[in-house]
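Please look through the sequence and the model shown below before reading on. The paragraphs that follow move from the whole chain to single residues.

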Amino acid sequence: MWLRRAFFGWLIPAAFLLPLWLLVGWGVFQAGAWVFLWVLFIAVPSVLIGQLVLAMLVRARPTVRAERAVSWADVAGFTLWHGLTIAVGFYDGAWFVPVLVGAILTGLALFWLSLWQLWNEARAGGSKLMLRYATVGDAQASAPQTAAPDVFIVTEQADRPGGAAR
């Protein structure tokens, strides 16, 4: 459970740290000017927006909000996607393209996995929610009416000499 909760807490910081890694990796591994343009205008915005969208889709699920922990499928998907994104940041010419394609495909698969999980929980949870409200409403309607409680009003009188109350 601690691992799933750690991923829950990591989702939002990852949206800022992974793009930062891509930028730092470009500088450390001296990838070149064209790669810098790719990092600045394509990679950083894509990872930032993609991670934020995925984090919001995951956090929108009722079970994730209740447990403050992601599912095991999320742990596997985000581990793979973040690992591939970090690997892209090394900018090694021998395996850059396959890792980039893998990161893109994994990000898309994670997006559809998150939508599928959200849809399933919303569909199942919606019927339970309606039943719960129907049950609460029926219970309140059948509850016996009690008598109104007695109400006492206490007023203060001025008994002081001079007739002024403080």
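A residue is called buried when its relative accessible area is under 20%, exposed when that area is over 50%, and partly exposed in between. By this criterion, buried residues make up 27% of the 166 residues in the protein chain. The model is predicted, and the predictor attaches to each residue a confidence value, pLDDT, from 0 to 100. The average pLDDT of the protein chain is 87, and 83% of the residues score at least 70.

The overall architecture may be considered next. The protein chain has 5 helices and 0 strands, and its pattern along the sequence reads α-α-α-α-α. Among contacts in the protein chain with a separation of 6 or more, 75% come from residues 24 or more positions apart. Confidence also varies by element: H4 has the highest mean pLDDT, 97, and H5 the lowest, 79. Over residues 129-134 the pLDDT stays under 50, and the model has 0 contacts beyond four places in sequence for these residues. Where pLDDT is low, the predicted coordinates should not be read in detail.

Helix H4 allows a simple check of geometry. Its 17 residues, at 1.5 Å a residue, should span 24 Å, and the end C-alpha atoms are 24 Å apart, so the two values agree. Which residues of H4 are buried? They are Asp 74, Val 75, Gly 77, Phe 78, Trp 81, His 82, Leu 84, Thr 85, Ala 87 and Val 88.

The last residue in that list leads to the interior. The largest nonpolar core has 13 residues, of which Leu 22, Val 88, Tyr 91 and Val 99 touch the most other members. Two or more residues are given to this core by each of helix H1 (2-28), helix H2 (33-59), helix H4 (72-88) and helix H5 (96-142). Leaving aside residues up to four places away in sequence, Val 88 touches Leu 22, Trp 38, Phe 96, Val 99, Leu 100 and Ala 103. A second, separate core has 12 residues, including Phe 7, Phe 8, Ala 55 and Val 58.

Phe 8, from this second core, lies in helix H1. With a relative accessible area of 6%, Phe 8 is buried, because this value is under 20%. Not counting neighbours within four places in sequence, Phe 8 is in contact with Arg 59, Val 64, Arg 68, Ala 69 and Val 70. Arg 59 also has its charged end over the ring of Phe 8, 4.1 Å from the ring centre. The C-alpha atoms of Phe 8 and Asp 74 are separated by 9.5 Å, although the two residues are 66 residues apart along the chain.

A proline offers another example of residues brought together from separate parts of the sequence. Pro 45 lies in helix H2 and is partly exposed, at 29% relative accessibility. Its C-alpha atom is separated by 7.6 Å from that of Pro 19, and these two residues are 26 residues apart along the chain. Apart from residues up to four places away in sequence, Pro 45 touches Val 39, Leu 40 and Gly 50.

Aromatic rings form a further topic. A pair of aromatic rings is described by the distance of the centres and the angle of the planes. A search of the whole structure finds 7 aromatic pairs. In the pair of Phe 111 and Trp 112, the ring centres are 5.4 Å apart and the planes are at 75°, so the pair is edge-to-face. Phe 111 is partly exposed, with a relative accessible area of 28%, whereas Trp 112 counts as exposed at 56%. Elsewhere, ring pairs link Trp 21, Phe 29 and Phe 90 into a cluster.

Finally, the backbone deserves attention. Most residues other than glycine have a negative phi. What is the sign of phi at Gln 30? Gln 30 has a positive phi of about 45°, although Gln 30 is not a glycine. This residue is placed in the loop between H1 and H2 and counts as exposed, at 70% relative accessibility. Tyr 91 also has a positive phi, near 50°, and is likewise a residue other than glycine. Tyr 91 lies in the loop between H4 and H5. Unlike an exposed residue, Tyr 91 counts as buried, because its relative accessibility of 12% is under 20%.

Terms used
Residues numbered from 1 in each chain as written. Predicted model: local features only at pLDDT ≥ 70, side-chain atom pairs only at ≥ 80, totals over all residues. Heavy atoms only, no water. Core = buried A, V, L, I, M, F, W, Y, C linked by side-chain atoms within 4.5 Å. Buried < 20%, exposed > 50% of the residue type's maximum accessible area, 1.4 Å probe, protein only. Helix = DSSP H or I, 4+ residues; strand = E, 2+ residues; numbered from the N terminus. Contact = heavy atoms within 4.5 Å. Expected span 1.5 Å × (residues − 1). Phe/Tyr/Trp six-rings, centres within 6.5 Å; stacked < 30°, edge-to-face > 60°. Lys NZ or Arg CZ within 6 Å of the ring centre and 35° of its normal.
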